[in-house]
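Biologist: Thanks for sitting down with me over this one. Could we go through it piece by piece?

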Amino acid sequence: MSTMAVGASGARAAEAALGAVAHNVANLNTDGFQASQAAFADVAGGGVTTSFASSGGPAPLIARGDTFVRGSNTDLVADTVGRATAAATYRANLRTISESSDLVGSLLDIVG
């Protein structure tokens with residue numbers, strides 16, 4: 001797999017992680033919502049795949065009148081850290097793509 005393809009794979013994985021965080025935060029006040037997180041796995045030959053799993057954290061009980069309902073189990077602190085990590089990962093992979101492109105351009109200039 002080319003360096004550009006590996007960088008693109010990593011960028012897509014980081015984008016998926018950002019999407020999971022956004023979905024969790026958007027549902028912070030949704031009763032019964034189960035937060036999810038992205039999990040990554042290496043692909044033979046380069047690249048990464050993304051899967052999603054429930055965060056598995058406990059959901060709080062919230063009083064609604066005379067009844068109790070399960071709230072969202074979104075962990076805002078964990079999702080804030082996850083957002084920062086995914087954003088940094090995305091930028092690093094874009095940099096990999098850019099540097100690979102520059103190297104190919106330099107090689108073509110030399111070959112001429």
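Biologist: Let's start with the inside. Which elements do the buried residues of helix 1 pack against?

Modeller: Keep in mind that this is a predicted model. Within helix 1, the buried residues include Gly7, Ala13, Ala17 and Val21. Two strands and one helix receive the buried residues of helix 1: strand 1 (36-42), strand 2 (48-54) and helix 2 (76-111).

Biologist: How far apart are the end C-alpha atoms of helix 1?

Modeller: Helix 1 covers residues 3-26, which makes 24 residues. At 1.5 Å a residue, the expected span is 34 Å, and the model agrees with this, because the end C-alpha atoms are 34 Å apart.

Biologist: Is Met4 buried, partly exposed or exposed?

Modeller: Met4 belongs to helix 1. On the surface, Met4 joins Val104 and Leu108 in a nonpolar patch, and together they have about 260 Å² of accessible area. The relative accessible area of Met4 is 31%, and a residue between 20% and 50% falls in the middle class. So Met4 is partly exposed.

Biologist: Now the strands, please. How many bridges join strand 1 to strand 2?

Modeller: These two strands run antiparallel. One of the facing pairs is Asp42 with Val48 of strand 2. The number of bridges joining strand 1 to strand 2 is seven.

Biologist: Which residue takes a positive phi in the hairpin of strand 1 and strand 2?

Modeller: The hairpin has five residues between the strands. A positive phi near 90° is found there at Gly45.

Biologist: I'm curious about Ser51. Which residues is it in contact with, leaving aside its neighbours within four places in sequence?

Modeller: Ser51 sits in strand 2 and is partly exposed, at 41% relative accessible area. Its C-alpha atom is 5.2 Å from that of Ala39, although 12 residues separate the two along the chain. With the sequence neighbours set aside, the contacts of Ser51 are Gln37, Ala38 and Ala39.

Biologist: On to charges: which residue forms a salt bridge with Arg64?

Modeller: The closest N and O atoms of this pair are 2.7 Å apart. Arg64 is in strand 3 and its partner is in the loop between helix 1 and strand 1, so the salt bridge ties together parts that are 33 residues apart in sequence. Arg64 has a relative accessible area of 41%, which makes it partly exposed, and the partner is partly exposed as well, at 35%. That partner is Asp31.

Biologist: The structure holds two salt bridges. What is the N to O distance between Glu99 and Arg95?

Modeller: Glu99 and Arg95 are four residues apart in helix 2, which means about one helical turn separates them. Glu99 is partly exposed at 33% relative accessibility, whereas Arg95 is exposed at 54%. Their side chains meet with an N to O distance of 3.0 Å.

Biologist: Back to Arg64 for a moment. What is its bridge partner in strand 4?

Modeller: Strand 3 and strand 4 (residues 67-70) run antiparallel and are joined by four bridges. Among the paired residues, Arg64 has as its bridge partner Thr67.

Biologist: Last one: which residue takes a positive phi in the hairpin of strand 3 and strand 4?

Modeller: Two residues lie between the strands of this hairpin. The phi in question is near 70°, and the residue is Gly65.

Notes: Residues numbered from 1 in each chain as written. Predicted model: local features only at pLDDT ≥ 70, side-chain atom pairs only at ≥ 80, totals over all residues. Heavy atoms only, no water. Expected span 1.5 Å × (residues − 1). Buried < 20%, exposed > 50% of the residue type's maximum accessible area, 1.4 Å probe, protein only. Contact = heavy atoms within 4.5 Å. Patch = residues over 30% accessible without salt bridge, like charges linked within 9 Å, V, L, I, M, F, W, Y side chains within 5 Å. Areas by Shrake-Rupley, 256 points an atom, 1.4 Å probe, with all protein chains shown as cover. Salt bridge = Lys/Arg side-chain N within 4 Å of Asp/Glu carboxyl O. Pairing = 2+ DSSP bridges.
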